[in-house]
Amino acid sequence: MANRPDTIYFFGTCLIDLMYPQVGVSAIQLIQRAGVNVIFPPAQTCCGQPAWNSGYRDEARAVARAQIALFPKPIPIVIPSGSCAGMMKAHYPELFKGEVDEAQALDVAGRVFELTEFLVDVLQIELQDLGAPIKVAVHTSCSARREMGVADKIESLLGQLSNVERVEHARKPECCGFGGTFAVKEPEISAAMVLDKTTHIRNAGVDRLVSQDGGCLMNISGAMEKQGNAIPSQHIAEFLWERTGGNAS
């Protein structure tokens, strides 16, 4: 378990910047409410994962190098996405192996925390549920589950909320079919995978879908809207902020 820091860096991710800005705001507010200062480097862009997944190593390195330069202080880097956190923590060491700035990349990789991991393991955050009773289904991304090993952290946080009932759904551990560039390269396979996911979420009879990753939420919620029977979906940061009275403060 890492020591509780006074200050952290927050890496917002492209999807949160472009699609879910309130998620980033909620995540920062949760951290600040716990007494930790947040530094948000304004020049941050992409972690480099799309180029990495597509085999463009030089391009991925150029994007990643620009991000690495934004985190010089020896403090944690908190990321509200298992996918982007996995890229920086698991793949930066390989991407920069043998490069002149390998040591800097390794340093950054070693300071990365996925948001729910940070809230549970580092801040040991305690939550009081102020919301009405609700049934939720949880989707954990492949990266949160396999690369970061933090799939249980969202369960731990939701378990503190007395009026939230977590409903298990079939094929919960399976991929939603997004995979970033995978959904573009293999649209038919991706569509079949997300159909399986949305079908089982609906069959669970829940009021809301909650996840740690914006990419999965975008894919699953977008598919449900196209199918004509959408269940509201929400990132865990925004959900926690709402349930604990953040919007009323």
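This briefing covers two sheets, the helices that pack on them, one helix pair and one buried threonine. The model is predicted. One open sheet has four strands in the order β2-β1-β3-β4. Another open sheet, also of four strands, has the order β6-β5-β7-β8. Pairing is parallel in the β2-β1-β3-β4 sheet, and parallel again in the β6-β5-β7-β8 sheet.

**Sheet β2-β1-β3-β4**

- The strand order is β2-β1-β3-β4, and the sheet is open. Its edge strands are β2 (37-39) and β4 (112-114), each of which pairs on one side only.
- From one strand to the next, the twist averages 35°.
- Strand β1 (residues 7-10) and strand β3 (residues 77-79) run parallel and are joined by two bridges. Within this pairing, Tyr9 stands opposite Ile77 in β3.
- Helix α5 (residues 82-95) packs on this sheet and touches β3 and β4. The direction of α5 makes about 160° with that of β4.
- Helix α2 (residues 21-33) lies across β1, β2 and β3. Relative to β1, α2 runs at about 170°.

**Sheet β6-β5-β7-β8**

- This open sheet runs β6-β5-β7-β8, with parallel pairing. β6 (164-166) and β8 (233-235) are the edge strands, and each pairs on one side only.
- Neighbouring strands are turned by 35° against each other on average, direction ignored.
- Strand β7 (residues 208-211) pairs with β8 in the parallel sense over three bridges. Leu209 stands opposite Ser233 in β8.
- Helix α13 (residues 236-243) packs on the sheet. It touches β5 (134-139), β6, β7 and β8. The direction of α13 makes about 90° with that of β8.

**Strand β5 and its two partners**

- β5 is mostly covered, with five of its six residues buried.
- On the β6 side, the pairing is parallel and spans three bridges. There, Val136 has Arg166 as its bridge partner.
- On the β7 side, four bridges join β5 to β7, and the two run parallel. There, the bridge partner of Val136 is Arg208.

**Helix pair α11 and α12**

- The axes of α11 (residues 187-203) and α12 (residues 214-227) come within 10 Å. They cross at roughly 80°.
- An angle of 65 to 115 degrees counts as roughly perpendicular, so α11 is roughly perpendicular to α12.
- From α11, the contact uses Val194, Leu195, Lys197, Thr198, Ile201 and Arg202. From α12, it uses Asn219, Ile220, Ala223, Met224 and Gln227.
- By class, the contact of α11 with α12 has six nonpolar, three polar and two charged residues.

**Thr244**

- Thr244 sits in the segment after α13.
- Buried means under 20% relative accessible area, so Thr244, at 10% relative accessibility, counts as buried.
- Leaving aside neighbours within four places in sequence, Thr244 is in contact with Arg33, Leu127, Gln128, Leu130 and Leu161. One of these, Arg33, falls in α2 (residues 21-33).
- The side chain of Thr244 reaches the backbone oxygen of Leu240 at 2.7 Å.
- Thr244 and Ser221 are 23 residues apart along the chain, and their C-alpha atoms are separated by 24 Å.

Notes: Residues numbered from 1 in each chain as written. Predicted model: local features only at pLDDT ≥ 70, side-chain atom pairs only at ≥ 80, totals over all residues. Heavy atoms only, no water. Pairing = 2+ DSSP bridges. Axes fitted to C-alpha atoms, helices over the stretch in contact; angles between N-to-C directions. Contact = heavy atoms within 4.5 Å. Parallel < 35°, antiparallel > 145°, perpendicular 65-115°, else oblique. Nonpolar A, V, L, I, M, F, W, Y, C, P; charged D, E, K, R; others polar. Buried < 20%, exposed > 50% of the residue type's maximum accessible area, 1.4 Å probe, protein only. Polar contact = N/O pair within 3.5 Å; in protein donor to acceptor, adjacent residues only side chain to side chain.
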